[in-house]
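Trainee: Before we look at the model, could you show me how to read strand pairing, helix packing and burial from it?

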Amino acid sequence: MAPGQLPDGMSKQLIIAEKPSVAADIARALGGFTKEKDYYESDDYVLSSAVGHLLELVVPEEYEVKRGKWTFAHLPVIPPRFALKPVEKTDDRLKLLTRLIKRKDVDGLINACDAGREGELIFNYIAQHAKTDKPVRRLWLQSMTAQAIRDGFAHLRAAQEVEGLRSAAICRAESDWLIGINGTRAMTAFNSKTGGFHLTTVGRVQTPTLAIVVEREDRIRKFKPRDYWELEADFACQAGHYAGRWFDEKFRKPEGDEHATAFRIWDKAQAEAIRAKCAGKRGTVSEEAKPSTQLSPLLFDLTSLQREANGRFGFSARVTLQLAQALYEKHKALTYPRTDARALPEDYLPTVKDVLRALPEEYAPFAGEIASQGWVRPNKRIFNNAKISDHFAIIPTGTLPKSLSEAEQKIYDLVTRRFLAVFYPAAEYRITTRISRIEGEAFKTEGKVLVNPGWLAVYGKAAVNEDEAEGGSPQLVPIQPGETVNADEVAVKALVTKPPARFNEATLLSAMEGAGKMVDDEELRAAMAERGLGTPATRAQIIEGLITEQYLHREGRELIPSAKAFSLITLLKGLGVTALTSPELTGGWEYKLSRMERGELSREAFMAEIAEMAREVVERAKRFESDTVPGEFVTLKTPCPKCGGTVKENYKKFACQGCDWSTWKIVAGRQFEYEEIETLLATGKVGPLTGFRNKMGRLFNAEIVLNEDKQPTFDFGQPKDDESAEPVDFSAQQSLGPCPKCGAGVFEHGMAYVCGKSVGPQKSCDYRSGKIILQQAIDREQMAKLLAEGRTELLKGFVSARTRLKFSAFLVRGADGKVGFEFEAKTPKAGAADKGAKPAAARKRATKAG
């Protein structure tokens, strides 16, 4: 009998998890398993896992065309069925799972992939590929503790219970494919009408998200600041002084003027007249004091956690998801993070009490207060079955976390304090509104005093002080009934309106959640979440995708759309393809998918609408007769390099209005930013710039210079091996430091920093270091530091050529002059030194950087 085979009549269930680490957790929790090479086996189960997605959607070969044939003649691509193609790097794992599924002693499957759309998709693609008809049951986990895993296996769901989720998962994948492929090919075909191949990517959710950011940036660019004035008075009363702001008691906000408020005066003369009228005069005062309460914030779902972590710590949405996933999967300290719910099940009160008792020591005073006061009780704001879907809010599991990184600890602390705070009573305030009237003019003074901190106590003094600072003056000097006050001084403050703020990840996540509408109220935002762009599990990936595609640039915490982004939205609007620029419309698709999960909408009806949308996108691009589109384009500040005339932008070019000079906006697959073309025309060169692609699709960097015809052309610097090259004159440059190989000076030269003796016919050294290393620009200051001290400052913009992920590192100079990476040491947690932790100076070095 073959190993792993049972005698006739005995059978096993095959458990397929999403990742090997989850399979290992299941093996430990259930017990009785022996480890084979890539799977586990017990008397009752065979257990293995995928490694994320093992298969991807493709068009059956008979319906597909090669990239060079991306023309309107081959569009739209709406195949009657989809095929699945193995992901090459994980093909061995797919073959293993297929072999295990087909084992004769396996008579059923258990889907133990993550409990959500993506997990459902991963498993179903594997089952479809294996062509199995064996019965399937679903493991549904909210937490990765051993007890939760055992409970999950005791309550496996039938496949029919998650049929809606399976349909929604497949529809999401197929609709993204149809819109992405047809939209990308149609826009690429349109942009390639006049020659070349101009890849223009679009996505069902990605592009409407981009439209939100472009619309905001467009408002910022068009913003015209307006002067306004405010009046602030210093009032003297019997008990002392207090400040007050003039306001218009009859103010009604006019339509279309977002900047108008009761405190603003748009005419300086009016402000000065009020000041002269009131200064030094006496008047009456009245005030009203009323109690106010503020409830604690709701429990976290993934999107609200990502917003909070971005605002507090600057973590990107992707990083927060990774940290929360590690706290769930690796440390077992948090519940399932990819959730859109902010409430708990109504039968969860006993579990909550158990979790409170098990929290780490630092939270014990708050947990003890909640228990002693009996604050864990039925409350629809916290325990509400109507407000949870497949998952509930993110809370601690009660498992004590060990060996957390600093970043993981921050996320754990955010979730744990939010969990504690939600059971505390509301914070109580006394809000005083004082109106001082001088010569018929009204001045408002507001005071906010914290009477009872309530839930703010969980966050300590810092939160109380921060809250008081936001609420205005915490305490007003008292006034007596009938007392008059004197306006000792009235100051006119000259101010200017400000443009809307750029999006950061926190605010963009909010905008995605509200399908483009910025909704501040937490309860209302939760109600709109079903019509948002993407899901909590996919929003981070969508933002990162826009950054990877160079549609968005991340500068500090701000997200700034590129020229490429503006061109895409201009094209789609010019063609009338509103389906890809309307956040509300895309939010409607997400709502339909959520209805499908609940069994309220059929897969066939949804996909018919998506196919029609794909046809419309293609038809609009195909029917558009011109090779350009109308739009709002800029006029450059720099004159034409040929005749000095005005240079204006159109859809595809920058063109002079006074002569025949023009240049393409896109060169080698990369679009010029406005600042770059301005610099090029003003100085004759710009760069080095990153992101160009050659005909083989490979990335390269280059400087751009104007040639004799005043056209942009690539300048890669002088080749290293050109023995007949002209001598290079570095006399106009100051040396950055001594060459680490020969001691001669190091200078800028084209795309590199080079030894003065490494160029020209008499070269005797070969030292050079790129100005751009893995997409991180190395400026003169950092190069000088590298030469002088052997190490740069920490640089945060490197992008791995293998994973395409950003990383931070120091550049260091080796003994042979080669440049390598040195990675920042992790700060050991308190007490780590007692456990033999490595010293903070210990760092990992990589090989040559560039």
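**Reading strands, helices and burial**

Mentor: Begin with one residue pair: Tyr-429 stands opposite Leu-450 in β14, where helices (H or I, at least four residues) and strands (E, at least two) are DSSP runs numbered from the N terminus. This is a predicted model, in which local features need pLDDT of at least 70, side-chain atom pairs count only at pLDDT 80 or more, and totals for chains, interfaces and linings use all residues. Residues are numbered from 1 along each chain as its sequence is written, and side-chain values use heavy atoms, with hydrogens and water left out.

Trainee: How many bridges join strand β13 to strand β14?

Mentor: Strands of a sheet pair through backbone hydrogen bonds, either parallel or antiparallel. Strands β13 (residues 427-438) and β14 (residues 441-452) run antiparallel and are joined by eleven bridges; two strands pair if DSSP finds at least two bridges between them.

Trainee: In what order do the six strands close into a barrel?

Mentor: The order is β10-β11-β14-β13-β12-β15, with antiparallel pairing.

Trainee: Which residues of α9 meet α12?

Mentor: Contact means heavy atoms within 4.5 Å. Thr-320, Leu-323, Ala-326 and Leu-327 in α9 meet Ala-407, Glu-408, Ile-411 and Tyr-412 in α12.

Trainee: Is Thr-416, in helix α12, buried or exposed?

Mentor: Buried means under 20% relative accessible area, exposed over 50%, and partly exposed in between (1.4 Å probe, protein chains only). Thr-416 counts as buried because its relative accessibility is 0%; leaving aside neighbours within four places in sequence, Thr-416 is in contact with Leu-359, Tyr-363 and Pro-396.
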